[in-house]
Amino acid sequence: MSGGVGTGDGGPGGAGRPWSRRYRRPYTVTGGRTHPAHDDLELETLVQAALGASSPSTRLGREQRSIAALCQEVVSVAEISARLDLPIGVTRVLVGDMALEGLVLLYRPRSAPARSDLALLERVLYGLRNIS
Amino acid sequence: VIERLQRGEVVDPDEEAPLQVGSRDEIGQVARAFNEVHRVATRVATEQAALRKSIGDLFHNLARRSQGLVDRQLELIDELERGEADPNRLEELFRIDHLATRMRRNAENLVVLSGTEQLRRWSEPVPLADVIEAAVAEVEEYARVRVTAMGELTLSGQAASDVAHLLAEVVENATSFSPPSTVVEVVGSPVASGYVLEIEDRGLGMSDAELIEANKRLATPSATDIAVSRMMGFHVVGRLAARHGIGVQLRHSWYGGVTALVLLPDRLLSQATEQAAFAPPWPANGAAAREPFPLAEVTGPALATGVYLPLRRHAAQPSDRAGGGDAAEAGEPVE
């Protein structure tokens, strides 16, 4: 169960996709919801577990418990998505819910309003592609 | 002989003459005539068995093909969902995903009904929680299903798909026969011989007679025929349960609906080797605080047969509770 959705993919021998990757579907994680409760959850938004919220509520689902554990350190929404192998839209809903409940704190980039930095993101993407 | 043929065994009609005829008098003639009738009946049954087998093979091949296609479709949907940042488009993708997932379940159920062989098997054990989540994903009204944390058990990879489809049928039955405003709860608890999942709905329930009938159908999966297609759900459950020695029983729920008990036997289960670092303790207000599980009833002598007949709870559950027209409707299994 550690590693969230990626649970079953430890087997290097499997030619096809591991069972859990195949049969677990992301829409069940949020009950079909795709709209985050928080507006400004961008890929680069940083998330950290709130102090005193270290004992996760029993109402949390498996993924949210995994998120709570990951967020003992500061991580970005994009990183949570990647580590838990969840679609970015699902991660945003989960983190948004947790932020509303005060379980995690969000740090948004203080600079320009969100979405105006498309050019910057493109430059970053370009740079990343050049590295690989 | 006919039963053996229906089970798919090979029978030589000439070797199966029931009466040894020695005399030439009237009794001998009657015996010979009887043997002739028997031979004809056996031949007809043999032909029918061959026909059934070829229809089964046809099922199987068609279902296999659509299963493969839907699998590929789901892989593509996975990729699209992964990168989708727009909530509205993601919502649409989820709908497509859900439909494709249910199509795969149908295709794989058809493979089960064709009776030929098992679904593709995985060797790695699968977390039980994943299997239950997969089952919920295959249900039309998945958003109404509430699963209480399942602990760290894993299920044999060989049985994972079958158990998921079995549970999907049971949960689907629970959601179809309870009001849309109610939840269906899935709770698990360890018992002496394995792990029991309770699937409880808050519908109108079934009468005692309907429960007995339904449990009988679950216990004796018959050969596939037209009648089966109308109650495919129960039939699939019965087949899959028999294949893995899983116990399935329907009972009255104290909430007024039906509780389905699914007993996963020990040999399908193992403890997860890697302990999740951040798994919370078992929720104190979850399974533990519920109505205590009637352990003695489950570990009784009926255990070996795999499927138990319902235990009626007259005291707490008046049998006329589910009476009337609604009961008849609730008695119909899914699909």
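Biologist: Which strands of chain B does helix α5 (residues 157–176) lie across, and at what angle does α5(B) run to β3(B)?
Modeller: In this predicted model, helix α5 of chain B lies across β1 and β3 of the same chain, and the angle it makes with β3(B) is about 90 degrees.

Biologist: How should I read the sheet beneath that helix, and in what order do its strands come?
Modeller: The general idea is that strands of a sheet pair through backbone hydrogen bonds, in either a parallel or an antiparallel sense. Here an open sheet of 3 strands in chain B has the order β1-β3-β8, and its pairing is antiparallel. Its edge strands are β1 (126–127) and β8 (269–271) of chain B, each of which pairs on one side only. Strand β3(B), residues 153–155, is joined to the antiparallel β8(B) by 3 bridges, and if you want a register point to start from, Thr154(B) has Ser270(B) as its bridge partner in β8(B).

Biologist: Helix α5(B) also meets another helix; how close do the axes of α4(B) and α5(B) come, and at what angle do they cross?
Modeller: Two packed helices are described by the angle between their axes and the distance between those axes. For helix α4 (residues 128–137) of chain B and α5(B), the axes come within 8 Å and the crossing is at roughly 45 degrees. The contact involves Val131(B), Ile132(B), Ala134(B) and Ala135(B) on the α4(B) side, and Ala160(B), Val163(B), Ala164(B), Leu167(B) and Ala168(B) on the α5(B) side. An α-helix has 3.6 residues a turn, so residues three or four places apart point the same way; it is worth reading the residue numbers of such a contact with this in mind. The two helices, α4(B) and α5(B), are therefore oblique to each other, and their crossing is right-handed.

Biologist: Chain A has a helix pair as well; what is the crossing angle of α2(A) and α4(A)?
Modeller: The axes of helix α2 (residues 62–70) and helix α4 (residues 88–100) of chain A cross at roughly 70 degrees and come within 10 Å, and α2(A) and α4(A) are therefore roughly perpendicular to each other. At this meeting, Glu63(A), Gln64(A), Ile67(A) and Ala68(A) of α2(A) touch Leu94(A), Val95(A), Asp97(A) and Met98(A) of α4(A).

Biologist: Which strands of the chain A sheet stand at the edges?
Modeller: The sheet is open, with 3 strands in the order β2-β1-β3 (chain A) and antiparallel pairing. Strands β2 (75–76) and β3 (104–107) of chain A are at the edges, and each has a single partner strand, so one side of each is left without a neighbour in the sheet. The antiparallel pairing of β1(A) and β3(A) runs over 4 bridges, among them the one in which Gln48(A) has Leu105(A) in β3(A) as its partner.

Biologist: Just after β1(A) comes a loop with Ala50(A); is Ala50(A) buried or exposed?
Modeller: Ala50(A), in the loop between β1 (46–49) and α2 of chain A, has a relative accessible area of 11% and is buried. Apart from neighbours within four places in sequence, Ala50(A) contacts Gly102(A), Leu103(A), Val104(A) and Leu105(A).

Biologist: Returning to chain B, how many residues of strand β5(B) are buried?
Modeller: For strand β5 (residues 194–200) of chain B, 7 of the 7 residues are buried, so the strand is largely enclosed by the rest of the structure. Strand β4 (residues 184–191) of chain B and β5(B) run antiparallel and are joined by 7 bridges, forming a hairpin with 2 residues between the strands; within this pairing, Pro190(B) has Tyr195(B) as its bridge partner. A further 7 bridges join β5(B) to strand β7 (residues 258–265) of chain B, again antiparallel, and here Glu198(B) stands opposite Leu261(B).

Biologist: How many residues of helix α8(B) are buried, and what follows the helix?
Modeller: Helix α8(B) is mostly covered, with 11 of its 13 residues buried, including Phe234(B), Val237(B) and Leu240(B). From first to last C-alpha, α8(B), residues 232–244, reaches 19 Å, close to the 18 Å expected at 1.5 Å a residue. After α8(B) comes Gly245(B), whose phi is positive, near 65 degrees.

Biologist: And what share of chain B as a whole counts as buried?
Modeller: Of its 335 residues, 48% count as buried, in a chain with 10 helices and 8 strands.

Terms used: Residues are numbered from 1 along each chain as its sequence is written. Chains are lettered from A and ligands numbered from 1 in the order in which they are written. This is a predicted model: local features need pLDDT of at least 70, side-chain atom pairs count only at pLDDT 80 or more; totals for chains, interfaces and linings use all residues. Side-chain values use heavy atoms; hydrogens and water are left out. Two strands pair if DSSP finds at least two bridges between them. Contact means heavy atoms within 4.5 Å. Axes are lines fitted to C-alpha atoms, for helices over the stretch in contact, and angles run from 0 to 180 degrees between N-to-C directions. The expected span of a helix is 1.5 Å times one less than its number of residues. Buried means under 20% relative accessible area, exposed over 50%, partly exposed in between (1.4 Å probe, protein chains only). Angles under 35 degrees count as roughly parallel, over 145 as roughly antiparallel, 65 to 115 as roughly perpendicular and the rest as oblique. A crossing is left-handed if the near helix is turned anticlockwise from the far one by less than a right angle, and right-handed if clockwise.
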